[in-house]
Amino acid sequence: MTFTFVSNYINHHQIPLSNALYRELGDGYTFIQTMPMEKERVDMGWGVDVNELPYVRCLYESEDECRRIIAESDVVWFGWSEREDLADFRLSSGKPTFRVSERLYREGQWKMISPRGLRAKYKEHIQYRKQNVCMLCAGAYTASDFHLIGAYPNKLFKWGYFTPLRTYGDEQFCNMKPNDGVLHIVWAGRFIPLKHPEYVVRVAKALRDAGHKFYVHMLGDGELEPAIRKEVEEAGLTEYFKFYGYTVPEQVRDVMEKCHIHLFTSNYLEGWGAVVNEGMNSGCVEVVNAQVGAAPYLIQHGVNGLVYPDDRYEKMEALVLDLFRNWDERKQMGRAAYETIRDTWNADNAAKNLLRFVRGLVDGQIIPAETGPLSVAPVISPRRMYRAMTESRL
């Protein structure tokens with residue numbers, strides 16, 4: 001079997017899956033990078049030496065060869081390439097094809113009424129609704145958006161990002177977090193408005209005022225970092241905080257392994273949120289805004305993490321305070337979170353499900369996975385998602 005993934009560039013979010021596919025398919029797997037990575041991304045630590053990855057081909061260096069690979073592959077998967085012409089000639093062939101997308105209408109589904117936007121969506125998606133093409137939904141709100149415009153009927157499936165997997169023995173897992181009565185909280189991301197780093201300062205004030213023992217690790221940099229540092233100082237919270245600045249992904253994971261709780265406070269503009277995968281893999285109890293794309297797929301509320309609705313700080317604070325008050329009863333969610341990533345939402349399992357699905361697709365069959373990657377993506381409107389999560393209807 002030959003399987004080709006076309007995307008703008010390969011990065012640390014895609015390498016674990018690509019490595020898993022290459023282990024299974026060898027030279028039958030190709031990743032076509034359509035553009036060099038932007039300097040901003042390279043400066044953030046996303047840069048990859050493509051010459052070290054045997055399956056990568058660069059469109060801008062050998063376009064004729066890459067077009068031939070796309071035309072001849074048994075299955076092609078299109079991500080964010082900014083080269084819709086490559087998808088057009090493949091999709092018009094009728095050969096098995098995947099597309100992957102985060103949600104279309106992050107700022108609200110009312111935007112679908114735009115005639116100009118609908119024309120673009122028709123060209124990219126709707127006109128192929130009866131073709132042999134399936135949509136991999138990189139976020140739980142994607143299916144609702146595509147369903148709204150009538151694209152990919154009965155061909156919407158769960159997908160996401162798959163970060164490097166770390167596994168632990170039972171003794172190692174039990175001993176890797178401090179057990180001195182101080183609960184460590186981690187927040188990791190860019191200090192920008194959509195990620196709400198100010199929520200961490202507010203919840204720290206509430207924890208201090210309630211007399212709880214805690215320590216906060218904030219990893220990342222960005223435009224709001226100086227203001228957040230100042231807020232911490234002015235609130236008299238300096239002794240409770242450590243700021244790391246820009247931190248490479250491996251070090252983020254090292255810090256997470258020592259923390260008990262991971263706060264992910266991004267709003268509805270966060271398409272997926274791969275740091276949720278990392279926190280769960282590290283055995284943290286997750287407290288996440290339900291509007292984040294990854295949350296409904298990865299988290300079972302009250303089982304392997306906690307979600308709060310509609311970017312509402314007060315609800316998030318209440319969950320954190322409850323965690324502290326009832327830690328002995330709640331801490332098992334960290335173990336369940338780890339097991340979710342170890343057993344289901346990881347690159348090896350995603351690759352296995354994808355290849356099984358692909359083989360069926362080549363034979364003219366669509367056979368979803370029962371759970372996890374490549375299972376059917378439920379169509380749930382954004383305004384009903386939190387209720388669906390808390391009622392365990394996902």
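This is a walk through some strands, buried residues, cavities and a pocket of the structure above. Keep in mind as you go that the model is predicted.

Let's start with strand β2, which covers residues 29-33. Of its 5 residues, 5 are buried, so the DSSP run is mostly covered. The side chains alternate: Y29, F31 and Q33 point one way, T30 and I32 point the other way, and all of them are buried. The partner here is strand β1, residues 3-7, which pairs with β2 in the parallel sense over 5 bridges. If you want one place to click on, try F5, which stands opposite F31 in β2.

F5 also leads us to the internal space of the model. How many cavities of 30 Å³ or more are there? The count comes to 2. The largest cavity holds about 140 Å³ of space. Its lining is made up of 14 residues, and those nearest the centre are F5, Q14, W77, W159 and G160. Sorted by class, that lining has 10 nonpolar and 4 polar residues, with no charged ones. In other words, the residue that faces F31 across the strand pair is also among those nearest the centre of this cavity.

The second largest cavity holds about 40 Å³ of space. Among the residues that line this second cavity are E102, R103, T142, Y268 and Q291, together with G139, A140 and Y141. Here the lining divides into 4 nonpolar, 5 polar and 3 charged residues.

T142 deserves a pause, as one of the residues lining that second cavity. T142 lies in helix α6, which spans residues 142-148. Is T142 buried or exposed? Its relative accessible area is 0%, and because buried means under 20%, T142 counts as buried. A polar atom of the T142 side chain lies 3.2 Å from the backbone nitrogen of R103. Leaving aside residues up to four places away in sequence, T142 touches S101, E102, R103 and C137. Two of these names, E102 and R103, come up again in the lining of the second largest cavity.

Now let's move to another strand, β11, which covers residues 261-264. Both faces of β11 are covered: I261 and L263 on one side are buried, and so are H262 and F264 on the other. Which strands pair with β11? Strand β8, residues 183-188, pairs with β11 in the parallel sense over 2 bridges. Strand β12, residues 285-289, also runs parallel to β11, and 4 bridges join the two.

H262 is a handy residue for tying these pairings together. On the β8 side, V186 stands opposite H262. On the β12 side, H262 stands opposite E286. The link to E286 involves side chains as well, with a polar contact of 2.7 Å between the side chain of H262 and that of E286. H262 is counted as buried because its relative accessibility is 0%. Beyond residues up to four places away in sequence, H262 touches V186, M256, V275, V276, G279, C284, V285, E286 and V287. Both of its opposite numbers, V186 and E286, therefore appear in that contact list as well, where contact means heavy atoms within 4.5 Å.

From closed cavities we can turn to an open pocket. The second largest pocket has a volume of about 460 Å³. It is lined by 20 residues, of which K177, P178, H260, W327 and K331 are the closest to its centre. Three helices, α7 (170-175), α14 (327-330) and α15 (332-343), each supply at least two residues of this lining. By class, the pocket lining comprises 8 nonpolar, 6 polar and 6 charged residues.

The last stop is A369, in the loop between α16 (347-362) and α17 (382-390). A369 counts as buried because its relative accessible area is 12%, and the cut-off is under 20%. Setting aside residues up to four places away in sequence, A369 touches N353, R356, L374, S375 and V376. For a sense of scale, A369 and T265 are 104 residues apart in sequence and 30 Å apart in space, taken C-alpha to C-alpha.

Note on methods: Residues are numbered from 1 along each chain as its sequence is written. This is a predicted model: local features need pLDDT of at least 70, side-chain atom pairs count only at pLDDT 80 or more; totals for chains, interfaces and linings use all residues. Side-chain values use heavy atoms; hydrogens and water are left out. Buried means under 20% relative accessible area, exposed over 50%, partly exposed in between (1.4 Å probe, protein chains only). A polar contact is a pair of N or O atoms within 3.5 Å; within protein, one must be able to donate a hydrogen and the other to accept it, and residues adjacent in sequence count only if both atoms are side-chain atoms. On a 1 Å grid over the protein atoms alone, a cavity is a set of points where a 1.4 Å probe fits but cannot get out, and a pocket is an open set with protein on both sides within 12 Å along at least five of seven lines; lining residues have an atom within 4 Å of a point. Grid points are joined across faces, edges and corners, and a volume is the space filled by probe spheres set on the points. Ala, Val, Leu, Ile, Met, Phe, Trp, Tyr, Cys and Pro count as nonpolar, Asp, Glu, Lys and Arg as charged, and the others, Gly among them, as polar. Two strands pair if DSSP finds at least two bridges between them.
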